[in-house]
Structure formats: structure tokens, C-alpha cells
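Thanks for coming, everyone. Have the sequence and the model open in front of you. I'll go quickly.

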Amino acid sequence: MPGLREYQEKFLRHLRSGAADPLEPWLSEQPGFSVYRNTVMTGCVDALAANYPTIRELVGVDCFNEAAAAFAGKFPPSSGALADYGEDFATFLSSLHAVAELAYLPAVAALDRCWTEAHFAADAPILAPADLAGLTPEALGRARFVLHPATRWRTFDAMPIYTIWRRHRERLALDDDLHWRGESALVTRPTSAVAWTALARPAAYFLSSCASGHPFARAMDDAVASDSADDASWLPALIHAGAFTRLECKQ
């Protein structure tokens with residue numbers, strides 16, 4: 001019989017692959033082992049289905065379960081908590097031959113992941129418009145807008161990913177015309193429920209700049225550089241959506 005570490009490594013290898021090792025019949029031939037392995041695999045597939053419901057609807061239950069099982073075989077959970085399992089599932093889908101024709105699928109999965117991350121993010125206060133009152137233009141320019149822990153956003157350059165995702169999440173009509181153009185989206189959880197909204201492209205650049213720690217003036221410059229005709233009407237909408245938790249004002 002092997003030592004404990006070797007036993008654990010072989011046990012995990014068998015759980016992932018399901019392949020019998022002729023050198024280790026003491027493990028693979030145990031009557032309860034296949035039951036345990038199937039239970040673990042089912043748990044992984046069910047967790048992925050819960051975390052990627054839009055993908056499951058788009059490809060169907062059978063195709064999804066097959067893809068989820070393949071993912072679980074390569075990327076087993078790192079802990080017993082499966083609530084946020086599947087961080088790399090979107091990347092995995094981009095390499096999966098069975099869904100290669102659905103070029104939009106990994107991007108839709110990325111928005112499903114944004115929802116999960118927003119759902120499990122830490123609670124935090126929300127920046128209110130009143131928090132900006134009294135700031136001089138110079139002070140505002142130096143201030144740093146700190147993102148709320150639940151704030152997530154994505155920009156999709158060529159496909160209406162947000163519209164596809166939103167129609168499934170909100171049970172909207174799926175046969176309405178799609179304008180095949182790029183979109184940006186915000187997903188966050190300012191209170192108890194995850195919320196989402198479309199983003200103007202400059203707003204996405206503004207968020208990315210804020211996430212990099214840049215002050216307001218620099219973040220606005222980055223937003224304007226993405227669209228010189230933009231009028232920044234999206235900024236109040238970002239604040240109202242709860243995208244920020246506070247201001248850090250530098251003297």
C-alpha cells in the first residue's frame with residue numbers, strides 16, 4: 001500500500017480522469033469509488049450549471065453537461081465550496097471544438113462569471129452624488145473614484161454580447177433583431193441583488209482607468225480618448241448604479 005501523500009495523489013487522479021490504473025486495483029476496484037467519483041463530478045457539473053445558466057440555455061442541457069464534465073476533468077475544484085466554481089470556464093469554452101461555431105459563447109460566459117463574482121463580492125457602502133458636493137474642480141480632478149467590490153464590466157468590440165446575455169437573463173424575446181455591433185456592460189451589486197446595465201464605451205474606459213488607480217482627471221482623459229464626441233452623460237449613471245464605494249481625495 002502507498003503512503004498517505006501518494007494515496008491522495010492517485011485518488012485525485014482517478015477522480016479527475018475516471019481511468020483505471022492496472023497497477024492500483026486496490027483503488028479503482030473499490031465498490032464505492034465509482035459512486036464517489038460520479039457524485040463529485042455531478043457536483044461540479046451542477047455548480048457550473050448554476051454559475052453559467054445563460055450558456056446552459058444557449059447550448060442545451062446535454063451539450064452543456066458534456067462540456068462541464070470535460071472542464072471538471074481538467075480543472076477540479078480547489079476547495080469544497082463550489083458556489084463560485086468555474087473561474088476559467090469561459091476560456092475553456094474558447095478551446096472546445098464542440099462549440100467552436102458559437103463564437104460569442106466565451107464572451108457570454110464572461111458575463112455569467114461577472115454575475116457570480118458580483119453576487120459573492122464583499123458588501124460596501126455606495127458613493128452618493130452628495131459625496132461630490134463641495135469639491136472644487138481641482139479637488140475633483142485629483143480625487144480617485146474607488147470601485148465598489150462588486151463592480152464588474154466588460155467591453156465586446158464586435159458582437160452584441162450584452163444584448164444576448166440580457167435577453168436570456170430577463171426572459172425577453174429571443175427572436176428580436178440583433179444589431180451586430182460591439183457593446184459594453186456593467187454588472188454590480190450595490191445592495192442585496194445583482195444588477196446590470198449597458199455601458200457607453202467611454203464609461204468602460206473610465207472604469208478601467210479608475211481600477212488602475214488613476215485620479216478622476218486622468219480617468220476622464222482616458223474616457224474621452226476612446227470617443228472624442230462623448231459628453232460624459234454616463235458619469236451620473238455610473239454613480240447611480242453603485243459602481244463606486246467612495247472617493248479618495250488627495251491634497
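Start with A118 and its contacts. Leave aside the neighbours within four places in sequence. Then A118 is in contact with A150, V187, T188, R189 and V194. Keep in mind that this is a predicted model.

Where does A118 sit? A118 is in helix α7. Buried or exposed? A118 has a relative accessibility of 0%, so A118 counts as buried. Now look along the chain. A118 and A195 are 77 residues apart in sequence. Their C-alpha atoms are separated by 8.9 Å.

One of those partners deserves its own stop: V187. V187 lies in strand β3, which covers residues 183-188. Its relative accessibility is 1%, so V187 counts as buried too. Which residues does V187 touch, beyond four places in sequence? On one list we find L111, C114, W115 and A118. Add A150, T151 and R152. Then finish with V194, A195 and W196. Take C114 from that list. C114 and V187 are 73 residues apart along the chain. Their C-alpha atoms are 6.4 Å apart.

Now step back to the whole chain. It has twelve helices and five strands. There are 251 residues, and 38% of them count as buried. Next, take contacts between residues at least 6 apart in sequence. Of these, 66% join residues at least 24 apart. The accessible surface comes to about 13700 Å². Carbon and sulfur atoms account for 54% of that surface.

On to the inside. In soluble globular proteins, nonpolar side chains tend to be buried together. So what do we find here? The largest nonpolar core has 38 residues. Which residues have the most contacts inside it? They are L48, I55, F64, F89, L93 and L111. Several elements each supply at least two residues of this core. They are α3 (33-51), α4 (53-59), α5 (61-74), α6 (89-94), α7 (105-120), α9 (161-169) and β3. Which one gives the most? That is α7, with seven residues.

Let's zoom in on L93, one of the residues with the most contacts inside that core. Again, skip the neighbours within four places. L93 is in contact with I55, V99, L105, P106 and A109. There is also a second, separate core, of 23 residues. That second core includes F206, A219, W234 and L247.

F206 takes us to helix α10, residues 201-211. Which residues of α10 are buried? The list is P202, A203, A204, F206, L207, S209 and C210. After α10 comes G213. The phi of G213 is positive, near 90°.

Two other residues have positive phi, and they are not glycines. Take R171. Its phi is about 55°. R171 is in the loop between α9 and β3. Its relative accessible area is 62%, so R171 is exposed. Now A232. Here phi is about 65°. A232 lies in the loop between α11 (216-226) and α12 (234-240). With a relative accessible area of 22%, A232 is partly exposed.

Back to helix α9, for two residues. T163 is found in α9. Is T163 buried or exposed? The cut-off for buried is under 20% relative accessible area. T163 is at 19%, so T163 counts as buried. Past four places in sequence, T163 is in contact with L178 and E183. The other residue in α9 is H168. H168 has 10% relative accessibility, so H168 also counts as buried. What does H168 touch, with residues up to four places away left out? The answer is T54, E57, L58 and L174.

Last stop, a pocket. The second largest pocket has a volume of about 200 Å³. How many residues line it? There are 14. The closest to its centre are P77, S78, Y85, G86 and E87. By class, the lining has seven nonpolar, three polar and four charged residues.

To recap: A118 in α7 is in contact with V187, and V187 lies in β3. Of the elements feeding the largest core, α7 gives the most. Find those on your screens, and then we can talk.

Terms used. Residues numbered from 1 in each chain as written. Predicted model: local features only at pLDDT ≥ 70, side-chain atom pairs only at ≥ 80, totals over all residues. Heavy atoms only, no water. Helix = DSSP H or I, 4+ residues; strand = E, 2+ residues; numbered from the N terminus. Buried < 20%, exposed > 50% of the residue type's maximum accessible area, 1.4 Å probe, protein only. Contact = heavy atoms within 4.5 Å. Areas by Shrake-Rupley, 256 points an atom, 1.4 Å probe, with all protein chains shown as cover. 1 Å grid on protein atoms, 1.4 Å probe; cavity = no way out; pocket = protein on both sides within 12 Å on 5 of 7 lines; lining within 4 Å. Points joined across faces, edges and corners; volume = space filled by probe spheres on them. Nonpolar A, V, L, I, M, F, W, Y, C, P; charged D, E, K, R; others polar. Core = buried A, V, L, I, M, F, W, Y, C linked by side-chain atoms within 4.5 Å.
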